[in-house]
Amino acid sequence: MSIALIDYGAGNLHSVHNALKAAGAANVSVTAHPQVALTADRIVLPGVGAFGACAAGLRGIDGMVDALEQRVVREGAPFLGVCVGMQLMATRGEELGSHPGLGWIPGVVRQLIPAEDVRVPHMGWNDVIPATPHPLIERGEAYFLHSFAFEGDSVLATTNHGGPVTAAIGRDNMIGVQFHPEKSQRYGIALLERFLEWRP
Amino acid sequence: MTVRARVIPCLDVAGGRVVKGVNFVDLIDAGDPVEQARAYDAAGADELCFLDIGASHEGRGTMVDVVRRTAEVCFMPLTVGGGVRTVEDARALLLAGADKVAVNSAAVSRPELVSEIAARMGSQCVVASVDARRVADARWEVFTHGGRRETGIDAVAHALRLAEMGAGELLVTSMDRDGTRDGYDLELIRTIADQVTVPVVASGGVGNLQHLVDGITKGHASAVLAASIFHFGQSTIAEAHAALAAAGIPVRS
């Protein structure tokens, strides 16, 4: 089974790669080539930092967005987005301006608003609370590190930071998690193991 | 529950070797930062902090290699500080597997470094580290070079400015308390924490578990950093979590 880990300059690329290997993935291609994405059995999109910069980085690779659309949306290859990689699945992101996302899941990525006892960035271990049954999402504690969050449809799990905050989204063969499985010790590796075995 | 209070052991590293770290568990090479990191990963630390205390420009590559090797085997959040002077320094550490980089001296002479890193890699990965000494009643100044060199800069104002410039977290160390085991300078931590909306990490002076509790309840910190009480086996991470939980503070189960 081949995994394409999309390399568009995202900072957590190697951490996600390491964690996929720890979860048992033997054949991970770290790639910036659309051709590799088009033939991969599974696709993982990492990402940290600003939505607009990440969206521009992904679009900066000629043919990559088309390849992802083809392989994930039309052909149904299992897809996992991590952190900003998850946020990019949304319609748009409002970080330093408004930027279009991949538009796979209707929703907008907006800034978390600080309040009493609600510090931003949302940083640290917090609950993953399933909103609807899903084979990849189990209740547990994961590591979050973000200032912006998804608001929209197809929410699979939430966490609590001054109210419900989206922790996972997905439909059909695609899933995105706001938290960092590659930094969530056993909980995170177990989630990646389930992704590798997932038959949506 | 809500986001958990974090317990963060800090390892001092120089030239790629740990100079202050775990010395009670059976490590094959206690000077190897990767082995130390594994021990704390297994112990359930919420994050790990590497502080490059011998950070010279030539030594940068060594730390990047330590981070890379750590990230290959430890799937836990990692903050790396010491000698980060440019956006490229930060980027190299993040690409190697660090989740956050702490900037200290360079942000004293050039606070814009914080906004430059935040603009490129996001606020969530920039920790502004402030070393402070009390110079008068309720007044602290920034000190550099391990607390030896005064700058005349008001520490609270400096911390607030760095938060405004895009730091996603403040690591506040009392250089008066560091190494004393007398507990955090709670007034310093609280004065800063109450005026910012980003998380604050309390640092400097932990001698027992009650000090960790006080850092959260009285210092209003979101995370507590400590070194020697963990390194010398006086307390475990689990005991730290239990002490925080007993005080009604949310911690990881």
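Contact here means heavy atoms within 4.5 Å. The model is predicted, and this tour goes from a sheet in chain A to the open and closed spaces.

**Stop 1: the sheet of chain A.** Select the strands in the order β2-β1-β3-β4-β13-β12-β11-β8-β9 of chain A; these 9 strands make an open sheet with mixed pairing. At its edges are β2 (27-31) and β9 (140-146) of chain A, each with a single partner strand, so one side of each has no neighbour in the sheet. From one strand to the next, the twist averages 25°.

**Stop 2: one edge.** Select β8 (residues 122-130) of chain A together with β9(A): the two run antiparallel and are joined by 7 bridges. To find one of these pairings, pick A:V128, whose bridge partner in β9(A) is A:G140.

**Stop 3: two helices on the sheet.** Select helix α1 (residues 13-22) of chain A, which lies across β1 (2-6), β2 and β3 (42-45) of chain A and runs at about 160° to β1(A). Next select helix α6 (residues 185-197) of chain A. This helix lies across β1, β3, β4 (79-82), β8, β9 and β13 (174-177) of chain A, at about 145° to β3(A).

**Stop 4: a residue in β1.** Pick A:S2, in strand β1 of chain A. Is A:S2 buried or exposed? Its relative accessibility is 18%, and the cut-off for buried is under 20%, so A:S2 counts as buried. Leaving out residues up to four places away in sequence, A:S2 touches A:N27, A:T39, A:A40, A:D41 and A:R42.

**Stop 5: the largest pocket.** Move to chain B and select B:L51, B:I53, B:N104, B:D131 and B:G146, which lie nearest the centre of the largest pocket among its 38 lining residues. Elements giving two or more residues to this lining include β1 (6-14), β6 (126-136) and α4 (105-109) of chain B. The pocket has a volume of about 910 Å³. Its lining has 14 nonpolar, 16 polar and 8 charged residues.

**Stop 6: the cavities.** How many cavities of 30 Å³ or more are there? The count is 2. For the largest cavity, select A:N12, A:V48, B:L94, B:A98 and B:D99, which lie nearest its centre among 13 lining residues. This cavity holds about 110 Å³ of space, and its lining has 5 nonpolar, 6 polar and 2 charged residues.

The second largest cavity has a volume of about 60 Å³. Among the residues to select along its lining are B:I8, B:E47, B:K100 and B:L225. By class, this lining has 6 nonpolar, 1 polar and 3 charged residues.

Note on methods: Residues numbered from 1 in each chain as written. Chains lettered and ligands numbered in written order. Predicted model: local features only at pLDDT ≥ 70, side-chain atom pairs only at ≥ 80, totals over all residues. Heavy atoms only, no water. Pairing = 2+ DSSP bridges. Helix = DSSP H or I, 4+ residues; strand = E, 2+ residues; numbered from the N terminus. Axes fitted to C-alpha atoms, helices over the stretch in contact; angles between N-to-C directions. 1 Å grid on protein atoms, 1.4 Å probe; cavity = no way out; pocket = protein on both sides within 12 Å on 5 of 7 lines; lining within 4 Å. Points joined across faces, edges and corners; volume = space filled by probe spheres on them. Nonpolar A, V, L, I, M, F, W, Y, C, P; charged D, E, K, R; others polar. Buried < 20%, exposed > 50% of the residue type's maximum accessible area, 1.4 Å probe, protein only.
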